[in-house]
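Open your viewer and get ready to pick out a few residues one at a time. At each stop you will read what to select and what is there.

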Amino acid sequence: MTYFYYQDDNMMTQALNSDTMRQTVKMMRGQMTRAKEGGMNINMVPMEMPSSMPNLRLVAELCPKNVNFCYFHPKHRQAFVVLKTIFEKQRNPDEIFKMACACRDSPMINAQLFVYALCSCLVTRRDTRHIPIPNHFEIMPDNYCTSDVVRQANKMAHMPEMPSGMAGNKMPILIDQNLVGRGTDPEHRLWYFREDILVNSHHFHWHIVFPICSPRTEGQPGYRDRRGELFYYMHHAMIARYDTERLCNSLPRTKMFDFNSLMIEEGYFGKLSSENSSKQWGTRQPFTKLSNVQTVGGPDAIGIRVEELTRWRDRILESIDIGYYVKLEANGTEKRYPLKDLKGVDVLGDIVESASGLTPHPSYYGPIGFHNMGHVLIAGSHDPTGKFREDLGVMGDVSTAMRDSAFYRWHKYIDHIFDVHKRTLDPYQLNEGEFPLVWQGIEVVPQSFYVKAANTSTRNALKTFWDTKEVDLARGLDFRRSGAGVMKTNPVVGMFTHLNHAPFDYFLKIANKTGKPQTATIRIFMAPREDENGEKFMMHEQRTLFFEMDKVSKQLQVGENEIRISSSESSVTLRDENGSSFQRLEKLFSQARTQTDVAQEAQCNCGWPQHLLLPRGTPGGTDYDLFVIVTDGSKDRVPNLERKTGCNSALSFCGVLNEKYPDARPMGYPFDRNLYTREVITSISDLTDPCLVESNQVPVSTMRTTSATLKTLQS
Ligand code: CUO
């Protein structure tokens, strides 16, 4: 038996080994050995070497240790698949742990790649579903904080421990929003969105839960139900929210990437460096034109051509126009399949985003993936020939991409492609079916309102404000260990500023006139009411700006039902919890729960930050349309879904780990398609109570709708 003591130059593994994985071992073995070394208590985990060690040379060749791992780079992706497969092939979690330790200690494995592969394996296998994935920003803080913050953290960690009662090195490091731009750049107004640690962390975790190497066949380990559709829907929501924030900041909505000029108007200087690879992330001057990228993220030629990107774009759009996509069959023949059915958008998501394995025809739609290739071209645009040996820009990684304005331009184009497809489908009828409910509208009330009692002016008016949150940086930094193996205990806490709001509740009164209890799905959306010129949005424009606020299933008794829905339990957000994910883990395990209990609370840290649920608004208040639609729960139900928990409860964006997506309707319903009513609706606020109640020949769904004006004020 070999005893590993974990010290390494690799940040991630300290985190995974010392906490999550150790706790897993503790759970499995029922004990953990503590040893004394150098006079300090050190947690030791008795661990054997893996029975056979794989050859890691291929992984190292595909993604060398000393480069920034690029999620979208074809070779790095191959390395990801190889390493993830090594972990997946282990017989049980204990074996995975042994293999992870051995790979972590290998001088060949890229640290970022290791994190991706191991986390992705843990959320793929059913027998590791109970192992919570720590927040990525705690494992790799250098992907989320500028290099001067990391430097300060290093300094602080090496300061001698202050006597108790003195603040000293327990003072948090301020993560300043003004490090990457100035107020002279209008784009900088959106710093609180783009640089938000939890926004970027959500994006990382989403791509870990839905990796580009997910299998296409249902039943295979790691299969993700409606993955392509969720790629469309989750990113669409991010773009709609970003545009809404821009309007609050007197900025026009994002312009989509222009294939004619190939120009990225905004520059980006993120001041990020990777502690593991010792590389600076590339930067970009304003008005950089995309060109062919010869190398990026390593010495090897990558050879990506803009002309290919354009060609694949044309083929995707042509497939949408004709309503059929081309599939390469196993026998080498090509066949056409319809895109205009309910599964069409799921296939289109795979075609647009991804690469071999997911796309139905790699050579026709692009072996690298249209969307992925755009990321790489933008990430390499500052040094496309590699003559300055620059590393890739932040667009190359999913934990950093959302910091860059170029992300929104590119994804706006991606979103446009999906909308072109959705516009080819029959419009939804908003006044169809039989679901006789009568309701009296919706009201939104801030939670403090109950305490302070009646003041009707605060109804439907919510406040946002600046707030701060502390994050634990020490877990991800090697400086907790010295060469002699002594674990330092200095805390290193970072404090970042973010937008926040007081929690609020939605109140609905619904009368069930059907004569029997009903299950209803309540879907709540929100969108800005006015455009950048102060004019009310036309419905066809506003439709694409609606973003989901919540979706809940409720039992309606016969007669009057009063329903209260809390914003803090939104189906799109990550639960807002205090403390680091490691502290929560420790608490969780120390409560001596059974493995089943732990599984129910398993976290994959995927989910929109709760503090950004509401848009910023303006000091004078901004009006939004809040739209609620109630649909028949018996038609929304997904058969054979075991239970509706599993991924931090952010079900709408992250689904249920290894289960079916918990809603039978198209994602984004009813704003994913054009809407049709007999009356002309120019704006959603024209849909007033009582709702349109008619039956027609297209019984696609049954519903009731209502809308309200919601005002957001920034204090
Ligand atoms: Cu999430 Cu482009 O897909 O970043």
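## Stop one: single cysteines

Start by selecting Cys 248, which counts as buried because its relative accessibility is 8%, under the 20% cut-off. Keep in mind as you look around that this is a predicted model.

Next, select Cys 70. Cys 70 is buried too, with a relative accessible area of 1%. Now show Cys 63 as well: its sulfur is the closest cysteine sulfur to that of Cys 70. Why is there no bond between Cys 70 and Cys 63? The two sulfurs are 9.1 Å apart, so they are too far from each other for a bond; a disulfide needs sulfur atoms within 2.5 Å.

## Stop two: the disulfide

How many disulfides does the structure hold? There is 1. To find it, select Cys 606 and Cys 654, whose sulfurs lie 2.0 Å from each other. This pair links distant parts of the chain, 48 residues apart. Cys 606 sits in the loop between helix 19 (595-600) and strand 22 (608-609), while Cys 654 belongs to helix 21 (residues 651-654). Rotate the view to look along the S-S bond: the angle about it is -80 degrees, and the link is left-handed. Are these two cysteines buried or exposed? Both Cys 606 and Cys 654 are buried.

## Stop three: the nonpolar core

Finally, select Leu 83, Phe 87, Phe 370 and Tyr 506. These residues have the most contacts inside the largest nonpolar core, which has 171 residues. Then color helix 10 (residues 227-248): with 12 residues, this helix gives the most to that core.

Note on methods: Residues numbered from 1 in each chain as written. Predicted model: local features only at pLDDT ≥ 70, side-chain atom pairs only at ≥ 80, totals over all residues. Heavy atoms only, no water. Core = buried A, V, L, I, M, F, W, Y, C linked by side-chain atoms within 4.5 Å. Buried < 20%, exposed > 50% of the residue type's maximum accessible area, 1.4 Å probe, protein only. Helix = DSSP H or I, 4+ residues; strand = E, 2+ residues; numbered from the N terminus.
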